[in-house]
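Student: I would like to work through this model step by step, reasoning from its coordinates. Could we begin with the overall architecture and then turn to the links and contacts?

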Amino acid sequence: MDPSAANSPELLRFLNEEEQRVMMNEAVAKLTSVCWDKCLTSAPGSKFSPSEYSCLTHCAKRYADMSMVIIRSTQSKK
């Protein structure tokens, strides 16, 4: 591999996009795990109950909001 190719803008952009994709997948997996454990206290049926649905919705929103706060705070320190 040509050493200059390792620093090409296209490769760097691709690597950055892949890193963001991996981070997003990890965040979704963590969100699913956290909210599932918090909101479903028994074996789920074929549908979520209204309280489970509400809990999952609020949990996901809070998790997403906090993730954005953390991302913004780390980006502003760079």
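Tutor: Before we start on the helices, one definition is needed: the expected span of a helix is 1.5 Å times one less than its number of residues. Please also keep in mind that this is a predicted model.

Student: How many helices and how many strands does the chain have?
Tutor: The chain is 78 residues in length, and buried residues make up 10% of them. Its surface exposes about 6600 Å², of which carbon and sulfur atoms supply 62%. As for secondary structure, the count is 2 helices and 0 strands.

Student: What distance does helix H1 reach from its first C-alpha to its last?
Tutor: Helix H1 runs over residues 9–39 and therefore has 31 residues, for which the rule of 1.5 Å times one less than the number of residues applies. The expected value is 45 Å, and the distance in the model is close to that, at 44 Å.

Student: What is the distance between the end C-alpha atoms of H2?
Tutor: H2 has 27 residues, so at 1.5 Å a residue the helix should span 39 Å. The distance in the model agrees with this expectation, and its value is 39 Å.

Student: Which residues of H1 are buried, and which helix do they pack against?
Tutor: A residue counts as buried when its relative accessible area is under 20%. In H1 this holds for Leu31, Cys35 and Cys39, and Cys39, for one, has a relative accessible area of 8%. The helix that the buried residues of H1 pack against spans 50–76, and it is H2.

Student: Which residues of H2 are buried?
Tutor: The packing can be read from this side as well, since the buried residues of H2 pack against H1. The residues in question are Glu52, Leu56 and Cys59.

Student: Which residues make up the largest nonpolar core, and which element gives the largest share of this core?
Tutor: The largest nonpolar core has 6 residues in all, namely Leu31, Cys35, Cys39, Leu40, Leu56 and Cys59. Two elements, H1 and H2, give two or more residues to this core. The largest share, 3 residues, comes from H1.

Student: Leaving aside its neighbours within four places in sequence, which residues is Cys35 in contact with?
Tutor: Cys35 belongs to the largest nonpolar core, and contact here requires heavy atoms within 4.5 Å. Once the neighbours within four places in sequence are set aside, the contacts of Cys35 are Leu40, Leu56, Cys59 and Ala60.

Student: Which cysteine is joined to Cys35 by a disulfide, and how many residues apart in sequence are the parts that this pair ties together?
Tutor: The disulfide joins Cys35 to Cys59 with an S to S distance of 2.0 Å, and the link is left-handed, with -90° about the S-S bond. Cys35 lies in helix H1 and Cys59 in helix H2, so the pair ties together parts that are 24 residues apart in sequence. Both cysteines are buried, and the partner of Cys35 is Cys59.

Student: Is Cys55, which forms a disulfide with Cys39, buried or partly exposed?
Tutor: The sulfur atoms of Cys39 and Cys55 are 2.0 Å apart, and the link is left-handed, with -70° about the S-S bond. This pair connects Cys39 in helix H1 with Cys55 in helix H2, 16 residues apart. Whereas Cys39 is buried, Cys55 has 22% relative accessibility and counts as partly exposed.

Student: What is the pairing when the bonded cysteines are numbered in sequence order?
Tutor: The count comes to 2 disulfides, one of Cys35 with Cys59 and one of Cys39 with Cys55. Numbering the bonded cysteines of the chain in sequence order gives the pairing 1-4, 2-3.

Student: Which side chain meets Glu18 in a salt bridge?
Tutor: The structure holds 2 salt bridges, and in this one the N to O distance is 2.7 Å. Both residues lie in helix H1, 3 residues apart, about one turn of the helix. Glu18 is partly exposed at 28% relative accessibility, and its partner, partly exposed with a relative accessible area of 45%, is Arg21.

Student: Which side chain meets Lys61 in a salt bridge?
Tutor: Here the N to O distance is 3.1 Å, and both residues lie in helix H2, 4 residues apart, about one turn of the helix. The partner is partly exposed, with a relative accessible area of 38%, and it is Asp65.

Conventions: Residues are numbered from 1 along each chain as its sequence is written. This is a predicted model: local features need pLDDT of at least 70, side-chain atom pairs count only at pLDDT 80 or more; totals for chains, interfaces and linings use all residues. Side-chain values use heavy atoms; hydrogens and water are left out. Buried means under 20% relative accessible area, exposed over 50%, partly exposed in between (1.4 Å probe, protein chains only). A nonpolar core is a set of buried Ala, Val, Leu, Ile, Met, Phe, Trp, Tyr and Cys residues joined through side-chain atoms within 4.5 Å. Accessible areas come from the Shrake-Rupley method with a 1.4 Å probe; for residues, only the protein chains shown count as cover. A disulfide is a pair of cysteine sulfur atoms within 2.5 Å. A salt bridge is a side-chain nitrogen of Lys or Arg within 4 Å of a carboxyl oxygen of Asp or Glu.
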